[in-house]
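Let's take a walk through this one together. Have the sequence and the fold open side by side as you read.

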Amino acid sequence: MQFSFRMPVAVQVLLCIAKFDGVFKTTSTFLASSVNVNPVIIRKTLGQLKAAGLVEVAAGVGGAKLVKEPCDITLKEIFNAVEDDEDLFHIQEHPNPQCPVGRNIHKILGDKLSVIKNHMLEDFANITLADLLEDIHNAEQSR
């Protein structure tokens, strides 16, 4: 199973915006150079983050800015901004109804995956962008 890369990209984008605010213009091209993806992906991500009220984006080459303090932005907010909840876990849509496993897989596995997802989101709610910025600072200090 492969998870989406949208959330990690969004986290990296927000970390760059926070870290480089006032130092560089955090344009989609600048942010794309950190993430090492096409600026189009960054523009889409910024649009989702803007719609969620996490960033503001100046037209043209003005760059992006955080709307909230890093200590007030949680991984849960970021996840909800960029991930399609339905894509987190995807069970095969048409298992064999003649098989006792196939006909029950959605109920038995779906319930467990729902619990796992809820625990994950609870954990995400306890981690802020400020926590990650501190981790980056500590990682850089130990280099």
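What follows goes from the overall layout down to single residues.

## Overall layout

Keep in mind that this is a predicted model. The protein chain has six helices and two strands, and if you read along the sequence they come in the pattern α-α-α-β-β-α-α-α.

As for dimensions, the C-alpha atoms fill a box of roughly 60 × 35 × 30 Å along the principal axes. The radius of gyration is 18 Å, whereas a compact globule of 143 residues would come out near 15 Å. Buried residues account for 31% of the 143 residues. The accessible surface is about 9,200 Å², and carbon and sulfur atoms own 55% of that. Take the contacts between residues at least 6 apart in sequence, and 61% of them join residues at least 24 apart.

## The hairpin

The two strands go together. Strand 1 (residues 55–58) and strand 2 (residues 63–66) run antiparallel and are joined by four bridges. Across the pairing, V57 of the hairpin stands opposite A64 in strand 2.

Four residues sit between the two strands, and G60 in that turn has a positive phi of about 75°.

## Leading into strand 1

Just look at G53, in the loop between helix 3 (39–51) and strand 1. Is G53 buried or partly exposed? Its relative accessibility is 31%, so G53 counts as partly exposed.

Leaving out neighbours within four places in sequence, G53 is in contact with V67 and K68. For a longer yardstick, take G53 and N126: they are 73 residues apart in sequence, and their C-alpha atoms are 19 Å apart in space.

## A serine in helix 2

S28 belongs to helix 2 (residues 28–35). With a relative accessible area of 13%, S28 is buried, because the cut-off for buried is under 20%. Setting aside residues up to four places away in sequence, S28 touches P39, I42 and R43.

## Aromatic pairs

A search of the whole structure turns up four aromatic pairs. One to zoom in on is F79 with F124: the ring centres are 5.9 Å apart and the planes meet at 55°, so this pair is tilted. Why tilted rather than edge-to-face? The edge-to-face label needs planes over 60 degrees apart, and 55° for F79 and F124 doesn't get there.

The F79–F124 pair also links distant parts of the chain: F79 is in helix 4 (residues 75–82) and F124 is in helix 5 (residues 100–125), 45 residues apart. Both of these phenylalanines, F79 and F124, are buried. Elsewhere, F20, F24 and F30 form one aromatic cluster.

## Cysteines

A disulfide is a covalent bond between the sulfur atoms of two cysteines. How many disulfides does this model have? The count comes to zero.

C71 shows the reasoning nicely. The closest cysteine sulfur to that of C71 is in C16, 19 Å away, which is too far for a bond, given that a disulfide needs the sulfur atoms within 2.5 Å. C71 has a relative accessible area of 48%, so it is partly exposed. C99 counts as partly exposed too, at 28% relative accessibility.

Definitions and conventions
Residues numbered from 1 in each chain as written. Predicted model: local features only at pLDDT ≥ 70, side-chain atom pairs only at ≥ 80, totals over all residues. Heavy atoms only, no water. Phe/Tyr/Trp six-rings, centres within 6.5 Å; stacked < 30°, edge-to-face > 60°. Buried < 20%, exposed > 50% of the residue type's maximum accessible area, 1.4 Å probe, protein only. Rg over C-alpha atoms; globule rule 2.2 N^0.38 Å. Contact = heavy atoms within 4.5 Å. Areas by Shrake-Rupley, 256 points an atom, 1.4 Å probe, with all protein chains shown as cover. Pairing = 2+ DSSP bridges.
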